[in-house]
Every structure is written in structure tokens, then in C-alpha cells.
Amino acid sequence: MTLDHRRGILATAVGLRLRLILVLLIPPILVVGVYGVVRMRAERAELLAEDQRNAVAIATAAQVAVERALRDAGPSELAAVLADALKDNRQISRVRLFDRDLRPMVPSTAQTTNDDGPTDALRRVMQSGQAEGFTRRTGRESTFVYGVPIRATTGAVIGAMEIAHSTAAIDARIRGAVWDIVFRLSVLMISMTVLTGIVVQRQLLKPLFALTQGIRNLGRGGPEAPLPIERRDELGRVAEAFNTMASQLRTARRELVLENERALELEQQLRHSATLAVAGRLASGLAHEIGTPLNIVSGRAEFLLHNLPEGDERREELQVIIGQIDRISAMIRSLLDTVRPLKPTIENIHVNTVVDRLLVLLMHTARRYSVTLEVSVPADLPTVRADRNQLQQVVINIVMNAFEAARPAGRVSLRAESANRDSRAGVQLVVKDTGHGIPAALTSKIFEPFFSTKPPGEGTGLGLPICRDIVKTLDGSISVDSAPGQGTIFTVWLPSGPVE
Amino acid sequence: MQIERRTEGTVLVIDDDDAMRRVLRDFLQRDGHRVVEAANGEAAVSMVEVESIDVVILDKEMPGMNGMDVLSFLHRRFPSTPVILITAFGGPHVAEESFRRGAVEYIEKPFRLSNVVDRVQKLIDDAP
């Protein structure tokens with residue numbers, strides 16, 4: 001596996017893992033977060049309200065205590081009374097007690113102060129004679145201020161008291177709670193992330209990786225190694241389906257390889273016999289062309305020899321000539337013996353058995369030439385008298401020529417039907433192509449030896465002459481029907497044998 | 001001095017090659033036979049009707065009516081006239097076919113002329 005492949009898988013895996021984690025974790029975290037914020041606000045509001053109620057209660061108690069002290073004991077007792085009323089209320093950050101002229105009525109203590117903070121609230125309370133509460137913000141801190149009037153026994157307002165209650169403690173508590181929640185959520189998020197990562201890795205990415213490996217392996221035609229099926233879930237079913245597909249593909253591939261081998265073998269066999277036929281034809285042509293003049297020369301020499309009296313010295317010369325011609329003759333004869341076609345075995349043949357045997361090769365070649373081949377050779381035709389190999393050669397030669405003519409993207413049909421000629425029963429094979437056809441001037445030449453339209457070196461020009469020879473020795477006939485642009489039809493007719 | 005008793009006869013030579021016919025004629029005539037010639041199958045077929053033939057020498061490869069056709073015809077028409085078939089396109093199956101069609105001798109080219117002449121002589125001698 002190359003580095004790029006590994007990177008690709010890794011990137012996909014990380015992407016999927018990250019996406020799953022985000023999809024799984026973000027919604028709950030958002031919901032919990034929003035809920036937490038809302039809940040915190042409500043809590044804070046409640047705490048503040050309670051605090052304010054406390055502050056009001058304390059202020060009211062202090063107000064009563066101060067009025068009573070002023071009435072019963074005099075101003076000197078005020079500080080002690082006030083301290084007593086405010087004890088244990090640590091949230092009270094500041095108490096101010098002023099008279100109508102805004103002068104402090106008690107000295108500053110730990111709990112009371114006479115600083116010169118805003119006095120607007122005190123003034124308002126003294127004027128209206130009504131208690132009043134509000135929140136004052138200074139920076140980040142907020143303070144609840146509650147003012148109450150101080151009345152003499154006559155009911156007249158003689159001063160006012162202000163209690164300031166800091167909310168810092170509540171804010172601190174809330175902040176603490178928020179941090180606590182954030183911490184818990186973070187811990188939860190991290191552990192869920194890790195857990196999801198592990199689960200995704202184990203349950204999803206590992207089997208997916210195995211599947212990816214399997215597919216790559218299959219694509220490269222690697223060794224058979226079915227994916228292990230360790231689970232019964234969807235991924236297990238994917239692995240199962242993949243294994244089935246892989247085994248089907250392997251079977252198909254094996255069949256294809258086998259078919260190719262069969263086609264190749266048949267092709268070689270046919271090419272061999274075609275080569276032999278061509279060589280035989282060449283050799284016998286040679287024997288005829290050379291043999292006849294040789295015969296005449298040797299005959300003339302023999303004739304002279306017979307006419308010369310015994311003892312004539314010219315006889316020796318003639319013997320030499322005859323001897324040398326005998327040598328050439330012997331050479332030609334041995335050449336002929338080497339390439340002489342095997343003796344044909346003429347038998348009654350069902351044409352479909354010959355065509356069926358060639359079908360693999362023909363279909364294979366048709367695919368290679370991008371030609372559509374239609375074959376219609378019924379099994380119930382009469383038999384013909386022929387040699388199986390020769391008939392095979394005739395079919396191959398004519399159909400291959402049709403492929404050549406029809407390629408590319410043309411159609412070739414091979415049809416066999418029962419047909420009578422001159423009141424003799426027989427079978428005709430009709431090969432039709434959608435090629436360019438043969439010009440009329442050439443139709444008479446195509447059966448002549450060494451005539452070929454193919455580039456030099458590609459065709460021997462002997463395919464059709466050999467077909468014609470074979471068909472002739474079988475007492476049949478071969479004909480061609482073609483017009484330029486119309487395609488070509490070859491018809492081979494062979495006589496039927498006696499009924500078996 | 002050899003003393004030979006030869007029976008003389010009429011031989012029909014059928015061959016499209018002129019020189020071949022001539023050399024056969026010279027050989028046969030030297031032995032005292034009468035020779036008639038035909039340059040093709042069609043001429044031969046008409047000639048046998050008017051001539052009285054003892055032996056036929058027939059070339060298998062000829063344009064038009066070929067040797068095998070002529071052989072079949074002769075055998076049907078004159079079953080008792082022996083025919084020697086000569087061919088360059090030979091082989092066991094050609095030999096078999098010639099005998100099946102009625103030839104008495106089968107000779108492949110190239111051959112020694114004296115052999116052919118000897119066989120002709122033998123056929124004429126053996127004739128009833």
C-alpha cells in the first residue's frame with residue numbers, strides 16, 4: 001500500500017470520527033448549557049429576592065429598635081442598640097443613620113459608617129416618610145440599599161437609616177456554581193469524546209478498514225481471503241455481501257480466463273491447420289509449376305539417352321542431367337510430404353456441432369473486433385458429407401473475413417438452413433456482414449490465389465481459394481453476393497449425406 | 001541385340017501442357033504406339049467417341065473440366081479402358097479418390113518418363 005492510500009484512509013477515518021463526535025455531543029452540550037444558564041439566572045433572582053426580604057426585615061427591626069432607644073434611653077444608647085439589632089447579619093455591608101440635617105446620629109463602628117456616600121436616598125426617605133429600596137451598581141458589584149424613616153413619638157420624621165446589603169456573596173456563589181457546571185460538563189465532554197472515539201474506531205472504522213482492504217485486494221486480483229464475519233449487524237451483512245460478491249467476481253474472472261484460454265487454444269489450432277493448408281497449397285502449386293517443366297526436361301534427356309547407341313560418351317552427360325533432375329524431384333516430393341494436408345475424414349456431420357465448437361472463438365474475436373455476431377444454426381438440420389476440420393476451416397475463414405469487413409461496430413450473421421440444389425438435398429451456410437461490400441470488378445477475383453485487399457504481410461490471399469478447394473472436393477459450391485455499400489453475403493452449400 | 005516382342009496400341013494423352021504432351025508422344029511413338037492428343041477435358045470427351053483407345057494418360061490439373069471429372073466420365077463410358085492419372089497435387093487421399101473413380105494407375109509429378117512408358121506398355125500387353 002502506498003503512503004497516499006494510507007493518508008486517504010486516515011483522513012476519511014478522522015473525518016468520520018470527528019463528524020460523529022460533533023453530531024453526538026454538540027446537541028446535548030448545548031441543551032445542558034442553555035438549561036444551566038437559565039436555571040442559574042432563576043436561582044440568582046430567587047436568592048437576591050430572599051436576601052432583599054432579609055434586608056427589609058433587618059432594617060425594620062433596626063428601625064423599631066432605634067426609635068425605641070431614642071424614646072426610652074436617649075441618643076447615647078443608640079450605638080449599642082444598633083449593634084445588637086445588626087449582630088449576626090454579616091451580609092450587611094454598611095448602615096448609616098443620619099438626622100434631618102444629614103448629620104450622623106451614631107459614631108462609625110464596625111457595622112455603621114458615616115462616610116459621605118450618596119445621600120439622595122436618605123433625603124427622599126426623610127421627605128416622603130416612606131421606606132424605599134433599590135439596587136445600586138458600582139462597577140461589577142451591586143448593592144441593595146434600603147432606607148427607612150426614623151420617627152419621634154410624635155410621629156414626626158427626625159432622621160433616616162440606610163442599610164446597604166452587598167450581593168457579592170450571592171454572585172460568588174453563583175460564579176462557583178457556574179464553574180462547577182462548566183467543569184463537570186468538560187469532564188463529561190472529554191470522556192464522551194474519548195468513549196465515542198473508541199466505539200467508532202472499534203465498531204465502525206476497523207470493519208470499514210478491513211472492507212476497504214478487501215476491496216483493494218479484490219481490485220488488484222489479489223489472493224482469495226474472505227473478510228472475517230465477526231458480527232451479525234449491518235456491517236456484518238455488508239461484509240457478507242462483499243464476500244458473496246467477491247466470490248462471484250472470482251468465479252466470473254476464472255470463467256473468463258478459462259474461456260480466453262479455450263479460445264486461444266482453438267485459435268492456435270486453427271491457425272496451425274490454416275498455415276498447413278496454405279503451405280500445402282503453396283508446395284503443391286510449386287510442385288506443379290516446377291514439376292511439369294522438370295518432367296519435360298528429364299523426359300527429353302531420357303529420350304535422347306534411349307536413342308544413343310551403347311558406348312556413346314554423350315550418354316554419361318545425359319545420365320548426369322537425369323540424376324540431378326531426380327535429386328530435385330526427390331526434394332520437391334519430400335517438401336510435399338512435409339506439408340501435405342492430412343487425409344480428410346469424410347463423415348456425416350451436423351453443421352451445428354462444428355459451429356458450436358467454434359462459438360467461443362468466434363464470440364471472442366467478434367468482441368475484439370467490436371462486431372456483433374448473430375448465430376442461427378438449428379440442431380435439426382440434415383447432416384452434410386464433410387471433413388470436420390475442413391468445414392471448420394471454411395466457416396472460420398469466411399466469418400473472419402466478415403469480421404474484417406464489418407468492423408468496427410458492424411453486424412455479422414451466420415445462418416444455416418436446409419436447401420436443395422439441382423434436386424440434391426443439402427445445407428447452406430450463409431454469412432452476411434454489414435461492411436462496405438466488394439466492388440463488382442473484384443467479386444470474380446476473390447477466389448483466385450494470392451488475391452488480397454489486405455496490406456502486404458497480413459493476408460496470404462489463400463483463405464478463400466482454400467475454402468473453394470475444400471468445398472469443391474466435398475462436391476458443394478461457394479458463392480458471393482455483394483454490392484458496394486450493401487455488405488457481403490457468402491453462401492456455402494454442401495450436399496447432405498445419406499440419412500443415418 | 002535385344003529381341004523384344006511389343007504389342008502396339010493407341011494411347012490418348014490428355015494434358016493442357018503442350019511440351020508435356022510432346023515428350024510423352026515422342027516416347028510412346030518411339031515404341032511404336034499411336035498417340036492421339038487432347039489439350040483439355042472437353043476435347044478428350046469428344047475424341048474418345050471417334051477413336052479406339054487402348055490406354056489413356058490423364059493430367060489431373062487442367063482448366064475447365066478437370067481430370068477427376070474426365071476420369072469419372074471415361075470410366076462410365078468405357079469401363080474397360082485403363083486410365084493412368086498424373087498429378088502434381090498428390091497425396092494418399094487423391095490416390096484413393098482416383099482409384100475410386102476408376103483409374104488403374106496413379107503417378108505423382110515429377111516422374112521418370114521411362115516409368116510411365118513401361119506402365120503403358122504393360123497395360124497394352126495385359127489387355128485381353
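In which helix of chain A is A:Gln393 found? I looked this up first and found A:Gln393 in helix H8 of chain A, which covers residues 388–406. I note at the outset that the model is predicted.

**Entry: A:Gln393**

I then asked whether A:Gln393 is buried or exposed. A:Gln393 has a relative accessible area of 9% and counts as buried, because the limit for a buried residue is under 20%. I listed its contacts, setting aside residues up to four places away in sequence. A:Gln393 touches A:Ser273, A:Ala274 and A:Ala277, and also A:Ile466, A:Cys467 and A:Ile470.

**Entry: A:Ala65**

I located A:Ala65 in helix H1 of chain A, residues 3–72. With neighbours within four places in sequence left aside, A:Ala65 is in contact with A:Val81 and A:Ala85. I also looked up A:Leu78, which lies 13 residues from A:Ala65 along the chain. The C-alpha atoms of A:Ala65 and A:Leu78 are separated by 8.7 Å.

**Entry: chain A as a whole**

I recorded ten helices and eleven strands in chain A. Chain A has 500 residues, of which 38% count as buried. Chain A exposes about 29300 Å², and carbon and sulfur atoms supply 58% of that area. For contacts in chain A with a separation of 6 or more, I noted that 65% come from residues 24 or more positions apart.

**Entry: chain B as a whole**

I recorded five helices and five strands in chain B. Along the sequence, I read the pattern of chain B as β-α-β-α-β-α-β-α-β-α. Chain B has 128 residues, and buried residues make up 53% of them. Its accessible surface comes to about 6000 Å², with 48% belonging to carbon and sulfur atoms. Among contacts in chain B with a separation of 6 or more, residues 24 or more positions apart account for 61%.

**Entry: where chain B meets chain A**

How many residues of each chain are in contact with the other? I found 24 residues of chain B in contact with 25 residues of chain A. The two chains bury about 2300 Å² between them, and 56% of this area is on carbon and sulfur atoms. I looked up the contributors on the chain B side: B:Arg30, B:Pro110 and B:Arg112 supply 26% of the area that chain B buries against chain A, more than any other three residues.

I next turned to the polar pairs. Between chain B and chain A there are three salt bridges. One salt bridge joins B:Arg112 to A:Asp326, with the closest N and O atoms 2.4 Å apart. Six residue pairs, both residues at pLDDT 80 or more, are in polar contact between the chains.

Which elements of chain B give two or more residues to the side that touches chain A? I found helix H1 (18–30), helix H4 (92–100) and helix H5 (113–126) of chain B. H1(B) provides the largest share of that side, seven residues. By class, I noted ten nonpolar, four polar and ten charged residues on the side of chain B that touches chain A.

**Entry: salt bridges within the chains**

A search of the whole structure gave me 32 salt bridges over all chains. I looked up several of them individually.

In chain A, A:Arg71 forms a salt bridge with A:Asp72, the closest N and O atoms being 3.1 Å apart. A:Arg71 is exposed at 52% relative accessible area, and A:Asp72 is exposed at 55%.

The side chains of A:Asp101 and A:Arg103 also meet in a salt bridge, at 3.3 Å from N to O. A:Asp101 is exposed, at 55% relative accessible area. A:Arg103, at 49%, is partly exposed, because a residue counts as exposed over 50%.

In chain B, B:Glu51 forms a salt bridge with B:Arg34, with the closest N and O atoms 2.6 Å apart. This pair links distant parts of the chain, 17 residues apart. B:Glu51 is in the loop between helix H2 (41–50) and strand S3 (55–59), and B:Arg34 is in strand S2 (residues 34–38). B:Glu51 is partly exposed at 26% relative accessible area, as is B:Arg34 at 41%.

Which residues of chain B are linked in a network of salt bridges? I found B:Asp18, B:Arg21, B:Arg22, B:Arg25 and B:Glu37 in this network.

Notes: Residues are numbered from 1 along each chain as its sequence is written. Chains are lettered from A and ligands numbered from 1 in the order in which they are written. This is a predicted model: local features need pLDDT of at least 70, side-chain atom pairs count only at pLDDT 80 or more; totals for chains, interfaces and linings use all residues. Side-chain values use heavy atoms; hydrogens and water are left out. Contact means heavy atoms within 4.5 Å. Buried area is the accessible area (1.4 Å probe) that two parts lose on being put together, summed over both. A salt bridge is a side-chain nitrogen of Lys or Arg within 4 Å of a carboxyl oxygen of Asp or Glu. A polar contact is a pair of N or O atoms within 3.5 Å; within protein, one must be able to donate a hydrogen and the other to accept it, and residues adjacent in sequence count only if both atoms are side-chain atoms. Helices (H or I, at least four residues) and strands (E, at least two) are DSSP runs, numbered from the N terminus. Ala, Val, Leu, Ile, Met, Phe, Trp, Tyr, Cys and Pro count as nonpolar, Asp, Glu, Lys and Arg as charged, and the others, Gly among them, as polar. Buried means under 20% relative accessible area, exposed over 50%, partly exposed in between (1.4 Å probe, protein chains only). Accessible areas come from the Shrake-Rupley method with a 1.4 Å probe; for residues, only the protein chains shown count as cover.
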